[in-house]
Amino acid sequence: MQLLLAEDDPILANGLTAQLNSAGFTVEHAPNGPVAEYLLAKQKFDIAIIDLGLPMIDGLTVLKKLRASHPDLPVVVLTALDRLDSRVAGLNAGADDYMTKPFEFPELEARLRAVLRRARKDPAANGDVAVAGLHFDRAARRAVIHGEPVELSPRESTLLELLLVHADKVVTKDQIAAAWAGDGTEVGAGNTAEVHIHRLRRKLEGSGLEIRTIRGLGYLLAVERADGRPG
């Protein structure tokens, strides 16, 4: 399993490399943005860990370029930037997961393997998405929560699919409008994104999923933690 580690702290990078090697990964270390971009251009990786605070070329820029050139490469951001706007920026730039420092290695390893599992699943091929207690059949456009069918309108179904496909990433109102375009439904007071988000939230109760409003940006589908808070 080839892994790119873009991290400028040499002590952390050395320790992480040793732990990742023990976990079965073959690690290539990039101490700055230009080296990370060089390695991405020259080698094939299965997954990448990127620090946003890279010198010379920052990690967010590396991530954006990576996503353009390697759209299917799973990426986990590992950074000291723990503000909401930093997390949103990282996820919107294309990160599949976002972890903040300090961290425990067992959690990082678990997240890496979870991201790899998601990357290997092809929802377009198998026709469904399963997250927490929800199962959504994309071909039939049917949703089931813990075995119980959920009645969805066409727009709610399209919205849910969009949120699932972009799980843990912010979905903007423009993306929602584009997904709804051409479905023949007139836009009005009863057909706004806010109205359908409100209805969908109620229908997802008990599924273990929560639709979060990211003010000024859009909506994010998150898995609730055991204590009921979004994970």
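Here is a short back-and-forth about a predicted model and the reasons behind some of its labels.

Me: What makes α7 and α8 oblique to each other?
Reply: Start with the angle: helix α7 (residues 154–165) and helix α8 (residues 173–180) pack at about 130 degrees. Roughly perpendicular covers 65 to 115, and roughly antiparallel needs over 145. The angle of about 130 degrees fits neither class, so the pair is oblique.

Me: How far apart are the axes, and what is the hand of the crossing?
Reply: The axes of α7 and α8 are 10 Å apart. The crossing of α7 past α8 is right-handed.

Me: Which residues make that contact?
Reply: From α7 you have Arg 155, Thr 158, Leu 159 and Leu 162, and they meet Gln 175, Ile 176, Ala 179 and Trp 180 of α8. Sorted by class, this contact has five nonpolar, two polar and one charged residues.

Me: Why is Met 56 called exposed?
Reply: Its relative accessibility is 72%. Exposed means over 50%, so Met 56 gets that label. You'll find Met 56 in the loop between β3 (47–50) and α3 (59–69).

Me: What is said about the phi of Met 56?
Reply: The phi is near 75 degrees, which is a positive value in a residue other than glycine.

Me: Why does Ala 132 count as exposed?
Reply: Here the relative accessibility is 53%. The cut-off is over 50%, so Ala 132 counts as exposed. Ala 132 isn't a glycine either, yet its phi is positive, about 50 degrees. Look for Ala 132 in the loop between β6 (128–131) and β7 (134–137).

Me: Which peptide bond is cis, and what is its omega?
Reply: Go to the bond from Lys 101 to Pro 102: that one is cis, with omega near -5 degrees. Pro 102 lies in the loop between β5 (97–100) and α5 (105–120).

Me: What is the average pLDDT of the chain?
Reply: The chain averages 86, and 89% of the residues score at least 70. Over residues 122–126, though, the pLDDT is below 50. That stretch has four contacts in the model beyond near neighbours in sequence.

Me: How many contacts does the model have for residues 227–231?
Reply: Beyond four places in sequence, there are 13 contacts for residues 227–231. The pLDDT stays under 50 over this stretch too.

Key
Residues numbered from 1 in each chain as written. Predicted model: local features only at pLDDT ≥ 70, side-chain atom pairs only at ≥ 80, totals over all residues. Heavy atoms only, no water. Axes fitted to C-alpha atoms, helices over the stretch in contact; angles between N-to-C directions. Helix = DSSP H or I, 4+ residues; strand = E, 2+ residues; numbered from the N terminus. Left-handed = near helix turned anticlockwise from the far one by under 90°. Contact = heavy atoms within 4.5 Å. Nonpolar A, V, L, I, M, F, W, Y, C, P; charged D, E, K, R; others polar. pLDDT = per-residue confidence, 0-100. Buried < 20%, exposed > 50% of the residue type's maximum accessible area, 1.4 Å probe, protein only.
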